Structures are given as C-alpha cells and as structure tokens.
Amino acid sequence: MAQAIPYIIMGTSTALSAGSALAAGSAAKNEANYNAAIKDNQALGIEQNVQANKFLAQAEIQRMRESFASFAGQNTVNFAGSGVDLGSGSVATIERKNLEKYLDDEYLFKFNEAKRNTADLNNAQMLRVDAQATRMRGKFARKMSYIKAGTTLLSGGSQMYSYNSLNQINPSSTSSGEIA
C-alpha cells in the first residue's frame, strides 16, 4: 500500500491541474460572453439614441421653419408698415437673402445631425465587432484550456511511467517488499 502513495499523489495532482485548466477556460469564456453582452447593450443603446435624435432633429427643423416663417411674415408687415413698396428690389433682395440664410442654417443643421448620427452608428458597429471578437477570444481560451488539460494529463502519465520505471520492484526481493 505504501508503494501506491506516490502514484496517488501524482495522479491527484495531475487531475487537479487538468481540472483547474478546464475551469480557467470555462471562466474565461463566461467572462468574454459577459463582456460581449455589455458591448452589445451599449451598441443597442447608441442605436436607440440615434433613432431618438432623428425624431428630435425633425422636431427642431420644424421649429426652425416655423420660426423663419414668423420672422419672414413679421418682416413683410414691418416693410408694409413703413410704406416701402413690397415689390421693390431692395425688399425682395432682403427677403431672398433672409431665405438663403435660413436655408443655409437648415442645411448645416441637417448635415451636422447626419454626421453625428453616422459617427454614432459607426461607434455602435465597432462595439458589435468588438463584442464578437471578445466572444471569439473566450471560445479560443476555452479550447486552449482543453489542450492544456490534455497536456497536463499526458505529462502526469509520463511522470508516473518514469517513476514506475525507476522504482520497479526487484523480482528477487518481492517477498521482502524492497524496492530495487
């Protein structure tokens, strides 16, 4: 029975080491999946914000149009009240320039909004790509843990075999139980 103790210790140590490698791989995969889910949720939040911003931008453009219409109407009333001929060139030029300025402002607002939305959507897409890469790293870590566990088991078996080869019981002294 005493001769079996080294084998029990080596076998237990090898099994624990292999089990530890498997547990580490599983933990790495679970952590990767958790982190990937966080990134997916962040991407979803950004995409929802872009949709909300599109709605808010439309409301802001409508507000800008109403404000300009009110401003243009007030200018017409002011010109008419001052006795200026509304068909004259200077009034038409002022109204045209005001309209051009408003249209430039609206275009710039739409451009900046589209630029921001594109940047946000690109950011969301990069988060999704990063989440997928994180999942892949987790799967790879788990697969590597199988290889490490297998290597540990093979190494442990090899050590036990070497120990057995070096400590063979001498056939002539089997009755006394001495190791050769």
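How many residues apart in helix H2 are Arg116 and Glu113, and by about how many helical turns are Arg116 and Glu113 separated? The answer is three residues, so about one helical turn lies between Arg116 and Glu113. In this predicted model, the side chains of Arg116 and Glu113 meet in a salt bridge, with 2.8 Å from N to O. The two partners fall into separate accessibility classes: Glu113 is buried because its relative accessible area of 11% is under the 20% limit, whereas Arg116, at 39% relative accessibility, counts as partly exposed.

Salt bridges are a good place to begin a tour of the model, which holds 11 of them. As general background, side chains of opposite charge can pair when their charged atoms come close. One of these bridges joins Glu47 to Arg128, and the closest N and O atoms of this pair are 2.9 Å apart. Here the partners come from distant parts of the chain, with Glu47 in helix H1, Arg128 in helix H2 and their positions 81 residues apart. Both ends of this bridge are partly exposed, Glu47 with a relative accessible area of 25% and Arg128 with a relative accessible area of 26%.

A salt bridge within helix H1 is found at Glu60 and Arg63, where the closest N and O atoms are 2.6 Å apart. Glu60 and Arg63 are three residues apart in that helix, or about one turn. Glu60 is partly exposed, with a relative accessible area of 26%; Arg63 is also partly exposed, and its relative accessible area is 44%.

Returning briefly to the pair from the opening question, Arg116 and Glu113 are likewise separated by about one helical turn, because they sit three residues apart in helix H2. Beyond individual pairs, Asp40, Glu47, Arg128 and Arg135 are joined into one network by salt bridges that share partners.

Aromatic side chains give a second view of the model. A pair of aromatic rings is described by the distance of the centres and the angle of the planes. The structure holds four aromatic pairs. Among them is the edge-to-face pair of Tyr7 and Tyr163, whose centres lie 5.4 Å apart and whose planes are at 80 degrees. This pair links distant parts of the chain: Tyr7 belongs to helix H1, which spans residues 5-81, and Tyr163 to helix H2, which spans residues 89-166, with the two tyrosines 156 residues apart. Tyr7 counts as partly exposed because its relative accessibility is 23%, and Tyr163 counts as partly exposed at 29%.

Phe68 and Phe71 form a tilted aromatic pair, with 6.5 Å centre to centre and 45 degrees between the planes. These phenylalanines are three residues apart in helix H1, so about one helical turn separates them. Phe68 is buried, with a relative accessible area of 16%, whereas Phe71 is partly exposed, with a relative accessible area of 40%. Together with Tyr102, Phe68 and Phe71 form one aromatic cluster.

Tyr102 also leads to a buried acidic residue. The side chain of Glu106 makes a polar contact with the side chain of Tyr102 at 2.3 Å. Glu106 lies in helix H2 and counts as buried because its relative accessible area is 6%, under the 20% limit. Which residues does Glu106 contact once its neighbours within four places in sequence are left aside? The contacts of Glu106 are then Ile61, Met64 and Arg65.

Ser145 is another buried residue, with a relative accessible area of 5%, and lies in helix H2. The side chain of Ser145 reaches the backbone oxygen of Arg142 at 2.5 Å. With neighbours within four places in sequence set aside, Ser145 is in contact with Ala21, Leu22 and Gly25.

Taken together, the pairs described here include links between helix H1 and helix H2, namely Glu47 with Arg128 and Tyr7 with Tyr163. Other pairs lie within one helix: Glu60 with Arg63 and Phe68 with Phe71 in helix H1, and Arg116 with Glu113 in helix H2.

Conventions
Residues are numbered from 1 along each chain as its sequence is written. This is a predicted model: local features need pLDDT of at least 70, side-chain atom pairs count only at pLDDT 80 or more; totals for chains, interfaces and linings use all residues. Side-chain values use heavy atoms; hydrogens and water are left out. Rings of Phe, Tyr and Trp (its six-membered ring) pair if their centres lie within 6.5 Å; planes under 30 degrees apart count as stacked, over 60 as edge-to-face and the rest as tilted. Helices (H or I, at least four residues) and strands (E, at least two) are DSSP runs, numbered from the N terminus. Buried means under 20% relative accessible area, exposed over 50%, partly exposed in between (1.4 Å probe, protein chains only). A salt bridge is a side-chain nitrogen of Lys or Arg within 4 Å of a carboxyl oxygen of Asp or Glu. A polar contact is a pair of N or O atoms within 3.5 Å; within protein, one must be able to donate a hydrogen and the other to accept it, and residues adjacent in sequence count only if both atoms are side-chain atoms. Contact means heavy atoms within 4.5 Å.
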